[in-house]
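Ready to work through a few exercises with the chains in front of you? Try each task on your own before you read its solution.

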Amino acid sequence: MTDPTARHYDREFVRTFFTSPTAVEGEDDSAKLLRRAAQLRGMQAPDVWVPDNEDATAPSMRDEGVENVVDVVAEHGADFPGEIHPRIVWHRDDPQTRYRGFQHALDIADPQNGASEYIDGFVIPEVGGVDDWKKADECLTIVEHEHGLDPRSLSMSVIVESGEAELAMGDLREEIGKSENNLERLFLLVDGEVDYTKDMRAMTPTGELPPWPELRHNTSRGASAAGLVAVDGPYDDIRDVEGYRERMRENRAKGMTGIWSLTPTQVEVANTAPLPPESGRWLLDVDGESVELDPEDGRQVYRGNALSLEATGEDQYVLRVGGDERTLDGDELHEKLLDRTSYVPSMDDIVDSMEAFETAKESGKGAIAMTQSTTLAVGDVEVDLSRDRMWDEATYQAAQTPITLFQDVYEHRSDQHEELEERYGADVVERATNVGG
Amino acid sequence: MTDPTARHYDREFVRTFFTSPTAVEGEDDSAKLLRRAAQLRGMQAPDVWVPDNEDATAPSMRDEGVENVVDVVAEHGADFPGEIHPRIVWHRDDPQTRYRGFQHALDIADPQNGASEYIDGFVIPEVGGVDDWKKADECLTIVEHEHGLDPRSLSMSVIVESGEAELAMGDLREEIGKSENNLERLFLLVDGEVDYTKDMRAMTPTGELPPWPELRHNTSRGASAAGLVAVDGPYDDIRDVEGYRERMRENRAKGMTGIWSLTPTQVEVANTAPLPPESGRWLLDVDGESVELDPEDGRQVYRGNALSLEATGEDQYVLRVGGDERTLDGDELHEKLLDRTSYVPSMDDIVDSMEAFETAKESGKGAIAMTQSTTLAVGDVEVDLSRDRMWDEATYQAAQTPITLFQDVYEHRSDQHEELEERYGADVVERATNVGG
Amino acid sequence: MTDPTARHYDREFVRTFFTSPTAVEGEDDSAKLLRRAAQLRGMQAPDVWVPDNEDATAPSMRDEGVENVVDVVAEHGADFPGEIHPRIVWHRDDPQTRYRGFQHALDIADPQNGASEYIDGFVIPEVGGVDDWKKADECLTIVEHEHGLDPRSLSMSVIVESGEAELAMGDLREEIGKSENNLERLFLLVDGEVDYTKDMRAMTPTGELPPWPELRHNTSRGASAAGLVAVDGPYDDIRDVEGYRERMRENRAKGMTGIWSLTPTQVEVANTAPLPPESGRWLLDVDGESVELDPEDGRQVYRGNALSLEATGEDQYVLRVGGDERTLDGDELHEKLLDRTSYVPSMDDIVDSMEAFETAKESGKGAIAMTQSTTLAVGDVEVDLSRDRMWDEATYQAAQTPITLFQDVYEHRSDQHEELEERYGADVVERATNVGG
């Protein structure tokens with residue numbers, strides 16, 4: 001029996017989906033960008049590298065692009081630390097484009113050309129309803145059969161860039177596992193917001209892309225229900241690192257861990273973003289915004305002026321937030337401030353808590369309290385805060401997601417071990433790789 | 001013919017879904033919490049009480065939990081004012097867990113054990129696609145048959161805590177009513193955001209749950225399309241009553257009336273929240289926020305300082321909001337302030353308007369204007385405001401939702417009559433129970 | 001083969017869906033409002049006019065309403081510049097209502113009554129699941145057959161005002177094209193938020209409608225996936241023009257171009273809103289809000305006080321935003337301000353950019369940079385800003401949506417040519433009708 005939520009591939013998480021043009025006109029070596037990408041290592045190397053023979057490459061250069069992919073992957077594929085998934089041409093409305101994509105896949109995966117063994121799968125753009133996905137799947141089945149490759153050894157990832165494809169993600173569970181297809185080869189569901197916006201005929205005054213929260217939810221849900229991995233589309237403003245990070249934060253809260261990267265710098269940012277921070281930090285909620293506090297001599301200092309605090313007598317304080325002013329005793333002040341603070345745990349903190357819960361569970365306890373303490377300093381006033389959180393099986397399992405991600409990275413990306421150890425220290429890395437087993 | 005949107009159960013609305021551990025280790029009486037919950041009455045007693053033999057109870061205590069449920073429900077079930085729906089163990093990925101849940105249901109519903117006649121149905125957690133829902137349905141069909149209970153007399157509620165289950169809610173209309181199942185027994189669709197977050201592999205920096213607006217929409221829509229009742233998951237921060245209320249306000253705007261409750265205090269808050277307020281109140285929109293005005297001597301007083309108003313001459317006023325300052329005559333001022341005010345009607349107001357519309361309809365009118373008047377006081381300036389709202393058949397029917405809810409509560413929860421009469425007065429209660437028939 | 005995303009009707013875009021009561025009691029001429037609407041021309045005339053024999057007309061007047069529709073359309077239909085789609089009665093839960101709607105459609109479309117040739121289709125309210133849509137489709141098939149009209153010559157538009165109908169929009173692709181139905185006649189998917197709110201049993205404190213973002217997304221997606229046109233429901237506060245515009249901006253970012261209109265003034269606003277502006281404008285992002293700058297002598301002036309700028313020395317500036325203050329040199333200042341500005345292109349700008357890209361493409365280039373320059377003035381400081389945007393095939397095609405809309409309007413609404421030329425100038429209009437071919 002086929003379990004559609006079982007994952008049929010090596011990586012449980014994919015942080016980065018990095019595309020490179022396969023052939024650039026007017027260069028001495030039209031494969032220059034491919035060659036450069038193939039030699040990326042460490043945090044600058046993506047989890048999934050996509051030699052892009054579709055939109056990133058001019059239509060007239062795409063046959064040359066196929067040759068370049070074959071050459072570069074044959075030469076560098078053995079040493080490339082991530083997976084390699086070329087994007088071929090495809091279109092739900094155009095049989096000619098589909099046939100061309102099929103031929104390109106046949107060439108790239110031909111063992112006689114030398115690249116085949118390093119090709120993990122293909123990325124299919126512009127898919128429509130699920131029957132169109134099956135046509136692409138059938139092309140790969142034929143490619144495998146013609147070249148004597150194992151059935152389903154080529155994975156298939158799709159770009160979701162039409163309403164039809166968005167709807168198709170709701171049907172995957174029912175379609176995967178039918179005898180007439182090999183859709184178990186599915187791997188990534190990647191949103192393509194530029195073409196999706198065009199297909200939906202959406203418009204914004206400045207031409208910037210709409211945020212499409214429902215599409216991202218549906219992609220993440222589709223991935224979850226069919227055992228696949230969800231990846232968000234390109235973030236065009238490559239100078240805007242903070243915006244890119246914010247987008248990834250939003251995505252992770254939707255269960256979408258991966259994102260497209262357009263440059264090695266974006267790859268590095270996106271490889272790092274989903275990993276727990278190396279040190280914890282405290283946040284103070286001021287006027288609906290989370291302000292990060294400044295650690296100094298073991299205290300957490302608030303340096304803004306939207307909130308102020310004054311000691312006005314024995315066990316008496318005045319707390320001002322915006323236009324609001326309150327006189328409080330010490331206990332009331334403690335409670336007010338506790339409500340406004342939250343803690344972002346470090347990798348070390350998460351591992352600590354998980355280990356403590358595992359120990360408690362072995363000794364028969366179902367829930368334990370984890371305590372986080374600090375001293376909050378606002379102006380001249382200092383307040384000791386202590387926050388308990390109950391950990392039970394559910395908390396434990398939810399906390400495990402970033403650790404499972406880390407372990408997946410650690411297992412498959414030995415080229416990043418050094419950078420991970422620099423970041424967290426060898427001890428934390430070792431404990432993090434062993435916890436939760 | 002089966003109409004899938006027809007409701008196959010007594011309650012049209014469920015405000016509260018209150019879980020109690022079935023067996024707590026280390027207590028003299030492991031059923032202590034069950035016993036206490038079974039004796040709740042009035043606003044502290046939930047519409048649906050859930051002896052929870054799954055996550056709230058340690059795995060090693062679950063067989064004892066089943067005995068406790070049987071004992072406590074046999075003793076107290078006859079007098080309990082709400083419905084009783086134990087949660088048994090279940091998992092889409094684990095046949096052993098499913099078989100254990102089946103056995104627990106067989107025990108609990110065995111008439112020889114004395115609890116059966118007070119058991120309204122079972123809650124099934126961790127369901128997957130709709131075929132997994134059918135397996136749980138089949139277990140209950142067998143339980144009914146083995147114990148000589150009427151077919152479908154046991155209702156089935158599910159916890160939606162996976163992407164698969166979220167998708168399944170879109171298929172219920174097509175599946176309910178097929179001869180091979182008894183899915184007409186479905187009752188509640190309950191979101192379980194903790195496990196859903198884990199299943200979606202979502203992460204937030206502080207570990208708090210994502211808001212999942214799309215899941216809640218889809219649950220509410222699934223309930224609406226299949227004649228079921230939608231219930232939101234637990235709100236963990238039990239001290240944060242205002243946050244709990246805000247969550248319920250959001251939920252009601254999505255059509256989700258019910259919510260999980262973890263304590264009798266949460267039950268009381270959640271039983272009360274969806275009922276119309278006992279007195280109306282005026283809101284003033286200041287900088288995008290709705291500020292509640294202070295009623296005083298028949299006027300509505302604004303006491304903030306983000307908006308100010310000054311009479312500067314004969315029929316001339318200066319209105320300041322944030323950095324913006326405008327000189328207006330009386331008519332312009334009236335219009336500006338009217339745009340910024342809104343009215344939250346009381347139960348009495350709603351009943352009044354409905355009665356007035358019913359009278360108008362009998363005399364052949366299709367629409368009437370309802371007027372709401374007050375005097376707004378900002379600083380030394382007072383402005384008389386009067387707001388007309390057209391009521392037609394559609395307005396009437398939309399306004400009916402809170403009244404229908406009230407009537408459903410009044411019909412099924414006689415233990416709350418006294419508290420409802422204290423809240424609204426006997427006259428309003430009587431009119432509210434009769435209007436809209 | 002039927003391509004479900006191919007559009008089976010004339011208009012690619014519908015901006016306005018304007019309903020008129022078919023018979024008003026107590027007037028000398030019960031068809032007065034119909035007659036007035038039928039004579040609207042230019043920007044006040046809708047793309048789709050809906051003589052509304054359902055909610056806008058009292059139940060007792062609906063037979064007379066049918067006669068009025070026939071009379072007024074027979075007299076004015078030939079000259080009406082938009083399409084004509086009467087709304088008949090229908091309800092998923094009531095066969096009597098469905099049969100009455102069927103009879104009304106038979107009457108209205110009867111060629112002997114003289115209106116038939118001007119009727120483009122019918123609007124069906126209160127539909128349920130897709131099988132209910134098929135019943136309405138079958139009624140229209142019989143109407144066509146009885147009256148000797150071409151199969152599918154009557155289009156069918158539906159009001160989505162139940163959870164069932166929302167779900168049905170996900171199944172259209174699979175149902176359209178089956179031999180047993182004529183669902184290719186589908187044209188508009190129109191949200192009906194008042195009844196949807198009632199059907200979902202949603203409540204808000206003041207009785208205002210919830211925003212239902214997911215419904216609008218699903219309607220837009222359903223339209224995109226099945227080659228239909230998405231239209232938002234009525235905006236009740238007809239005095240609130242800015243609110244209506246804001247709702248349409250939101251809708252367009254979701255791919256929903258059309259909206260219901262209740263008055264000729266709303267029609268005019270909604271016919272204009274999706275068209276590109278006649279002149280471009282610059283926006284400055286201040287505290288998360290986009291503030292429109294004031295063009296003056298070729299500069300763009302910021303007149304607010306939330307952001308200020310001061311020259312404090314040779315190539316040294318102080319920029320203050322909210323509580324934040326920074327000392328910057330000229331280059332840093334340039335970059336900071338560039339990050340905060342954006343440009344809303346005019347129709348002329350869009351046509352320019354498209355023409356430039358078309359020329360570049362002909363000469364073999366795949367991407368070109370478009371430059372937008374201006375001088376930003378804050379207090380006494382002026383800064384020259386220049387912003388490049390790369391245009392490739394994808395940018396080009398996304399930019400095309402408003403132009404395609406314009407061309408669709410220009411082709412089908414010759415009564416609006418004069419107003420369009422007044423707005424844009426004859427030259428821009430001519431270039432806009434020819435670009436992108």
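Strands here are DSSP runs of E with at least two residues, and they are numbered from the N terminus. Keep in mind that this is a predicted model.

**Exercise 1. Place A:Ala311 in its chain, and find what it touches.**

Solution. Start with the element: A:Ala311 belongs to strand β13 of chain A, which covers residues 307-313.

Next, look for contacts, skipping residues up to four places away in sequence. That leaves A:Gln316, A:Tyr317 and A:Val381 touching A:Ala311.

Finally, try a distance. A:Gly379 is 68 residues away from A:Ala311 along the chain, and the two C-alpha atoms are separated by 9.9 Å.

**Exercise 2. Work out which turn and shift lay chain B on chain A.**

Solution. Two copies of a chain are related by a rotation about an axis plus a shift along that axis.

Here the turn is 120° and the shift along the axis is 0.0 Å, which puts chain B on chain A with an RMSD of 0.0 Å. That is how a three-fold axis relates copies.

Now go looking along the axis itself. The C-alpha of B:Glu214 is the one in chain B nearest to the axis, at 4.1 Å.

One more step: do the copies use the same or different surfaces? They use different ones, as 4% of the contact residues of chain B recur in chain A.

**Exercise 3. Describe the interface of chain A and chain C.**

Solution. Begin with the residues in contact: chain A brings 27 and chain C brings 39.

Then take the area. About 2600 Å² is buried between chain A and chain C, with carbon and sulfur atoms giving 54% of it. On the chain A side, A:Leu167, A:Arg201 and A:Met203 supply 31% of the area buried against chain C, more than any other three residues.

Move on to the charges. There are five salt bridges across the interface of chain A and chain C. One of them joins A:Glu164 to C:Arg173, whose closest N and O atoms are 3.7 Å apart. To count as a salt bridge, such a pair has to be within 4 Å, and this one is 3.7 Å apart.

Polar contacts come next: nine residue pairs make them between chain A and chain C.

Which elements of chain A give two or more residues to the side that touches chain C? They are α5 (163-168), α7 (193-199) and α8 (213-226). The largest share, five residues, comes from α7(A).

Sort that side of chain A by class to finish, and you get 10 nonpolar, six polar and 11 charged residues.

**Exercise 4. Do the same for chain B against chain A.**

Solution. Count the contact residues: 27 of chain B meet 39 of chain A.

For the area, chain B and chain A bury about 2600 Å² between them, and 54% of that lies on carbon and sulfur atoms. In chain B, the residues that lose the most area to chain A are B:Leu167, B:Arg201 and B:Met203, together 32% of what that side buries.

As for salt bridges, five cross the interface of chain B and chain A. One of these links the side chains of B:Arg239 and A:Glu335, at 3.8 Å from N to O. Nine residue pairs are in polar contact between chain B and chain A.

On the side of chain B that touches chain A, two or more residues come from each of α5 (163-168), α7 (193-199) and α8 (213-226) of chain B. Here α7(B) gives the largest share, five residues.

**Exercise 5. Decide whether C:His104 and C:Gln372 are buried or partly exposed.**

Solution. You need the cut-offs first: buried means under 20% relative accessible area, exposed means over 50%, and partly exposed is in between.

C:His104 has 4% relative accessibility, so it counts as buried. You'll find C:His104 in helix α3 of chain C, residues 95-108. Beyond four places in sequence, it touches C:Asn53, C:Arg62, C:Asp63, C:Val66, C:Ile88 and C:Val89.

C:Gln372 has a relative accessible area of 25%, so it is partly exposed. C:Gln372 sits in strand β17 of chain C, residues 368-378. Setting aside neighbours within four places in sequence, the contacts of C:Gln372 include C:Trp282, C:Asp349 and C:Tyr343. With C:Tyr343, 29 residues apart along the chain, the C-alpha separation from C:Gln372 is 8.0 Å.

How values were computed:
Residues are numbered from 1 along each chain as its sequence is written. Chains are lettered from A and ligands numbered from 1 in the order in which they are written. This is a predicted model: local features need pLDDT of at least 70, side-chain atom pairs count only at pLDDT 80 or more; totals for chains, interfaces and linings use all residues. Side-chain values use heavy atoms; hydrogens and water are left out. Copies are superposed by least squares on the C-alpha atoms of residues with pLDDT of at least 70 in both. Contact means heavy atoms within 4.5 Å. Buried area is the accessible area (1.4 Å probe) that two parts lose on being put together, summed over both. A polar contact is a pair of N or O atoms within 3.5 Å; within protein, one must be able to donate a hydrogen and the other to accept it, and residues adjacent in sequence count only if both atoms are side-chain atoms. Helices (H or I, at least four residues) and strands (E, at least two) are DSSP runs, numbered from the N terminus. Ala, Val, Leu, Ile, Met, Phe, Trp, Tyr, Cys and Pro count as nonpolar, Asp, Glu, Lys and Arg as charged, and the others, Gly among them, as polar. Buried means under 20% relative accessible area, exposed over 50%, partly exposed in between (1.4 Å probe, protein chains only).
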